[in-house]
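Me: Please take a close look at the surroundings of the ligand in this model, and set that part in the context of the chain as a whole.

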Amino acid sequence: NYKQTKLNCFQVDPYCCQRRTPLQHHNKLLTDAFEILEENAEYIESSNDTKGYSRNLAYRRVLAVLRSLPQAVTSVKQIKDVKHIGGHSQKIIQELLEEKCCLEVEEIKRSVRYNKMKLFTGVFGAGVSTARRWYDTGMTSLNDVIQHNEDRSTAQKYGLAFFDDLNMPVLKAEAEQVKSIVKNITESILPGVSVTVTGGFRRGKTVGHDIDLLISHPKEGAEIGLLGKILEKLQQLNLILYGSHNKCTYSERHFTEEPRDPPTNSQMDHFEKWFGIIGLPKISTEKTVLIAENDASDKSIKDLVDLSKSEKSWTAKRVDLIIVPSSQYFYGLVGWTGNKMFNRDLRLYAQKELNMRLSSHGLYDLTKGCLLTSNSEEEVFKYLKLPVIPPELRNC
Ligand code: ATP
Ligand code: MN
Ligand code: MN
């Protein structure tokens, strides 16, 4: 009967890569609370403590399940037997359903530690361990961190100086703007190249924290040396504020005819890439003028802060450029579309259920001892014996 089906409607497949997870889902009241718990667990957890249980990962699994449910949870009974939602999480859900808020979450939101950690991890170049060091040293504001003369990475220096710009959400139109700048430059160097916006925007998000661009060419090997030339052009156009070019040789090794190693299942890939900050001209109806004032190399943090606060016709934006050889393109595309949790489970599922190793470089069947080449994203899912989940439903 109807009541019975309503109570049993929440059954989920164990891996989030088996589920359809839209951006707009039915359980925002719950996920808003669990997002706080998840963040806070990450701030508290020791990064060396990787062998044991992770509260942060447990909350991420709860979040992934809640986002995939076909309707709103209205009674805790409905999720009693649902995978990944343990006793503590059920209590929180019950409290949220009854009270519309949760004491533990409200306490975290008020805690100094959570708020300072959130502020400090919002600095480009600063991870949880850096944020914790700043917090433990007694710093409470970005100004404290700026004034404290500790050894800072160049990335952190720029992250601090351009904090406001970089914490403004990146709009889809801005991602498209950066894409066409990069596409035009790249096309003039190497005709026939493809530039694809991946990451959150490909999953249908309208705002993001950065712009992820995959760059590839149908002719395997044509992309060698391309990124250096693109960066030179961007530099000439005065668009680069900061950047770190990772010249990996792994992908170069991999489009030779030599047998390939089974790809590892680590999150980090080995593509040649650039992580950086560009000064993006503000979208205006007038003809865009590229300005000279954004050449900030070798400036002190004080100069940079002044520059970031000055009246300027551009905003700092985080950009990732990734060079993907065409034979690895669709694996790279899946890996850089994400989200992170989707990738994590995709790789775990491949290993546990199929004895295969998946990475952004390829899929290796350990039983057969062979690499599975793919000519489409659909084929990747087919090899993995999964329904094709479109990018918009990978928001776990
Ligand atoms: P946002 O809108 O906040 O940028 P996002 O999903 O685009 O969200 P990113 O951090 O930009 O998040 O990452 C995009 C995808 O690329 C993620 O799913 C992640 O798995 C993958 N990714 C990010 N960094 C790396 C890396 N260094 N190596 C391999 N894959 C990565
Ligand atoms: Mn992104
Ligand atoms: Mn990114």
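Reply: A residue is called buried here if 20 or more other C-beta atoms lie within 10 Å of its own. In this predicted model, buried residues make up 38% of the 396 residues in the chain. The chain has 18 helices and 10 strands.

The shell around ligand 1 holds 17 residues, of which Gly199, Gly200, Gly208, His209 and Gly338 come nearest. Three elements give two or more residues to this shell, namely α12 (199–202), α16 (329–337) and α17 (340–354). By character, the shell residues divide into 10 polar, five charged and two nonpolar. Domain 3 (170–330) and domain 4 (336–393) each supply at least three residues to the shell around ligand 1.

Turning to the nonpolar interior, the largest nonpolar core has 93 residues, and Leu213, Ile215, Leu321 and Ile322 touch the most other members. Leaving aside residues up to four places away in sequence, Leu321 touches Val182, Leu213, Ile215, Leu227, Ile230, Lys273 and Trp274. Across the chain, 73% of the contacts between residues at least 6 apart in sequence join residues at least 24 apart.

Gly86 offers a view of another part of the chain, in the loop between α3 (55–68) and α4 (87–99). Gly86 is exposed, because 10 other C-beta atoms lie within 10 Å and the limit for an exposed residue is 12 or fewer. Tyr59 is 27 residues from Gly86 in sequence, and their C-alpha atoms are 9.6 Å apart in space.

Conventions
Residues numbered from 1 in each chain as written. Chains lettered and ligands numbered in written order. Predicted model: local features only at pLDDT ≥ 70, side-chain atom pairs only at ≥ 80, totals over all residues. Core = buried A, V, L, I, M, F, W, Y, C linked by C-beta atoms within 7 Å. Contact = placed C-beta atoms within 7 Å. Near = placed C-beta within 6 Å. Helix = DSSP H or I, 4+ residues; strand = E, 2+ residues; numbered from the N terminus. Nonpolar A, V, L, I, M, F, W, Y, C, P; charged D, E, K, R; others polar. Domains from an automatic or database assignment.
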